[in-house]
Amino acid sequence: MPNRVSGCVLFLVCVVSPILAAAQNQPQAAQEKAATPHTSPTKQAAPPPMEAKAVDILKATSLRLAGAHTLSFNAVEIFEHPSLQGDPLAYSTKYEVKLQRPDKLKVVIAGDGPASEFYYNGKAMMAYAPAENLVAVADAPPTIDATLESAYHLAGIYFPFEDVIVADPYQDIAKGLQMAYYIGQSRVVGETTTDIIAYVDGGVFIQMWVGADDKLPRMIHAMFLDDPQRLRHELVFSDWQLGTAIPSDAFEASDAAGAKRIKFAHPHPEPVPDTKAQVTSTTN
């Protein structure tokens, strides 16, 4: 759930900050080196399991999500970040999501900061800050998957539920799947019976609650394995609607027509090489 000064910077602070709440903290935590775990010199840990039942649940969930032409759901994210004294503080973000495969996406974000909105209509992607009346627009690829990738590289935009909305969720997970096992059932989460599985995907340990009957995700609990602080990230899903008609104008931000245009920009751009210094160094 694998983990970002001018008008552009103002946009990043006011618009992209709530969109990037997870991205700004997760990659930073993931880059920290974990302390070497203590292991007994005489006994090796058992290899992590890859249980067929857990893999089957992941595949069934993927099939259910990928088979829906339209998806609507809400997701509330709660993530931790170190406080001034080092103990983690919890922050929260709510996402209202609508998509139509293969080329329509709308995400309305309300969090512990300014509200923002993200739109993709098959041709362009837009990030909009209603309160600040700022908008950034850029050309986009012809699919949701490619647009998510483009938004991340262009402006550091990342949504913690991306593994749920890509064209083939299992294929996306399988690239980094290292272990998976079945835990049991719960009748508490999501007001339904859920199957609980745990797996490691791309260096992230994930526990997921999946509807036993409808195969829809209800909650995801995640930690980056190389984060020495073991900060927790939780995503709770609700209000699932699959296959319902979504008006075409849902993927356009009509209120943004009069907003001030600013450029997309990455919150942590790569430094520009000092070519003059390089030439001087080479000639000396």
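**Exercise 1. Which residue in β8 does alanine 180 stand opposite?**

*Solution.* The model is a predicted one, in which local features need pLDDT of at least 70 and side-chain atom pairs count only at pLDDT 80 or more, while totals for chains, interfaces and linings use all residues. Residues are numbered from 1 along each chain as its sequence is written, and side-chain values use heavy atoms, with hydrogens and water left out.

Begin with the strands, which are DSSP runs of E with at least two residues, just as helices are runs of H or I with at least four, both numbered from the N terminus. Strand β7 is joined by eight bridges to β8 (residues 194-201), and the two run antiparallel; two strands count as paired if DSSP finds at least two bridges between them. Within this pairing, alanine 180 stands opposite tyrosine 199 of β8.

**Exercise 2. Place β7 in its sheet, and find which helix runs at about 90° to β7.**

*Solution.* First, read the open sheet of 12 strands, whose order is β7-β8-β9-β10-β11-β1-β2-β3-β4-β5-β6-β12 and whose pairing is mixed. Strands β7 (177-186) and β12 (260-261) stand at the edges with a single partner strand each, so one side of each is left without a neighbour in the sheet.

Next, turn to the helices, where contact means heavy atoms within 4.5 Å, and where axes are lines fitted to C-alpha atoms, for helices over the stretch in contact, with angles from 0 to 180 degrees between N-to-C directions. Helix α3 (residues 52-66) lies across several strands, including β1, β7 and β8, and runs at about 90° to β7. Helix α4 (residues 144-155) lies across β2, β3, β4, β5 and β6, at about 55° to β5.

**Exercise 3. Describe how phenylalanine 73 and phenylalanine 161 form an aromatic pair.**

*Solution.* The rings of Phe, Tyr and Trp (its six-membered ring) pair if their centres lie within 6.5 Å, and planes under 30 degrees apart count as stacked, over 60 as edge-to-face and the rest as tilted. The structure holds nine such aromatic pairs. The pair of phenylalanine 73 and phenylalanine 161 is edge-to-face, with 5.6 Å centre to centre and 85° between the planes. This pair links distant parts of the chain, 88 residues apart, with phenylalanine 73 in strand β1 and phenylalanine 161 in the loop between α4 and α5.

Finally, consider burial, where buried means under 20% relative accessible area, exposed over 50% and partly exposed in between (1.4 Å probe, protein chains only). Phenylalanine 73 is buried at 2%, and phenylalanine 161 is buried at 1%.
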